[in-house]
Amino acid sequence: MNEALLQNISVRPLAAGEPVPYELLLDADPSMEAIAKYLPFSEVFIALYAGKVVACFVLYPVDADTLEIKNIAVEESCQGKGIGKLLLREATEIAIKKGMQNIIIGTANSSVGQLYLYQKEGFEISDIRYGFFLQNYPEPFFENGIQCKHMLVLSKKLS
Ligand code: ACO
């Protein structure tokens with residue numbers, strides 16, 4: 001069932017004039033202000049199933065060697081079917097084709113499932129930005145009963 005779903009997912013860059021999938025972006029990053037800061041400098045990719053956008057990711061060039069996955073989100077009804085894993089692999093392929101040396105992704109200390117997924121996909125913790133979510137988000141927020149305070153940066157070497 002999931003195999004059939006995954007085979008019918010197509011991933012492509014968002015075309016000029018197409019609506020930005022803000023609802024999905026806000027699932028991964030609750031701050032519209034934060035999204036507005038990186039979006040103009042990023043490329044948005046969408047995943048379609050049966051003509052409908054079911055997931056997306058955003059790639060931001062950190063420097064000449066490094067791309068960051070700033071945002072990755074799968075529509076709730078489609079989560080847990082392997083789409084997130086597929087998108088991480090797509091993002092990695094895109095970074096390799098662009099000649100990047102590293103791909104990185106940041107997530108919160110409280111994002112237990114995401115930390116599991118990213119490490120399983122070959123990303124390793126390379127940095128901790130202490131207090132990142134306390135300093136950059138106006139309201140405290142919690143996941144899995146844990147306050148979201150610090151950003152863990154995970155990176156994968158591409159060559
Ligand atoms: N808790 C536990 N395990 C998880 C979770 C979770 N929240 N999410 C994924 N996994 C595990 C799956 O069980 C699976 O494990 P397996 O390979 O051993 O079977 C593996 O990770 C792959 O899961 P997928 O089905 O590919 O993941 P999914 O399609 O659900 O996408 C994602 C993962 C993107 C995190 C999705 O759940 C989502 O959109 N969540 C809400 C938004 C979000 O948190 N985005 C990431 C924020 S960080 C950032 O954007 C940089």
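Author: This is a predicted model, and a residue counts as near the ligand if one of its heavy atoms lies within 4 Å of it. By that cut-off, 24 residues surround the ligand, the closest being Val74, Gly82, Gln114, Tyr116 and Lys120.

Reader: What makes the pair between Ile72 and the ligand a polar contact?

Author: The cut-off is a pair of N or O atoms within 3.5 Å. A nitrogen atom of the ligand is 2.8 Å from a polar backbone atom of Ile72, so the pair qualifies. Backbone N or O atoms of Gly84 and Lys85 each lie 2.8 Å from an oxygen atom of the ligand, so these pass too. As for cover, the protein takes up 73% of the 970 Å² of accessible area that the ligand has on its own.

Reader: How do you know that the ligand sits in the largest pocket?

Author: The test is that more than half of its atoms lie within 2 Å of the pocket's grid points. The ligand sits in the largest pocket, so it meets that test. About 1100 Å³ of space lies in there, and 45 residues line it, with Asp27, Ala28, Asp29, Ile72 and Tyr118 nearest its centre. S4 gives the most to this lining, with 7 residues.

Reader: Why does the second largest pocket's lining count as having no polar residues?

Author: Asp and Glu are classed as charged, and Leu, Ile, Val and Pro as nonpolar. The lining is Leu14, Glu18, Pro19, Pro21, Glu23, Leu24, Asp27, Ile46, Val53, Glu75 and Glu76, so the tally is 6 nonpolar, no polar and 5 charged.

Note on methods: Residues numbered from 1 in each chain as written. Predicted model: local features only at pLDDT ≥ 70, side-chain atom pairs only at ≥ 80, totals over all residues. Heavy atoms only, no water. Polar contact = N/O pair within 3.5 Å; in protein donor to acceptor, adjacent residues only side chain to side chain. Areas by Shrake-Rupley, 256 points an atom, 1.4 Å probe, with all protein chains shown as cover. 1 Å grid on protein atoms, 1.4 Å probe; cavity = no way out; pocket = protein on both sides within 12 Å on 5 of 7 lines; lining within 4 Å. Points joined across faces, edges and corners; volume = space filled by probe spheres on them. Helix = DSSP H or I, 4+ residues; strand = E, 2+ residues; numbered from the N terminus.
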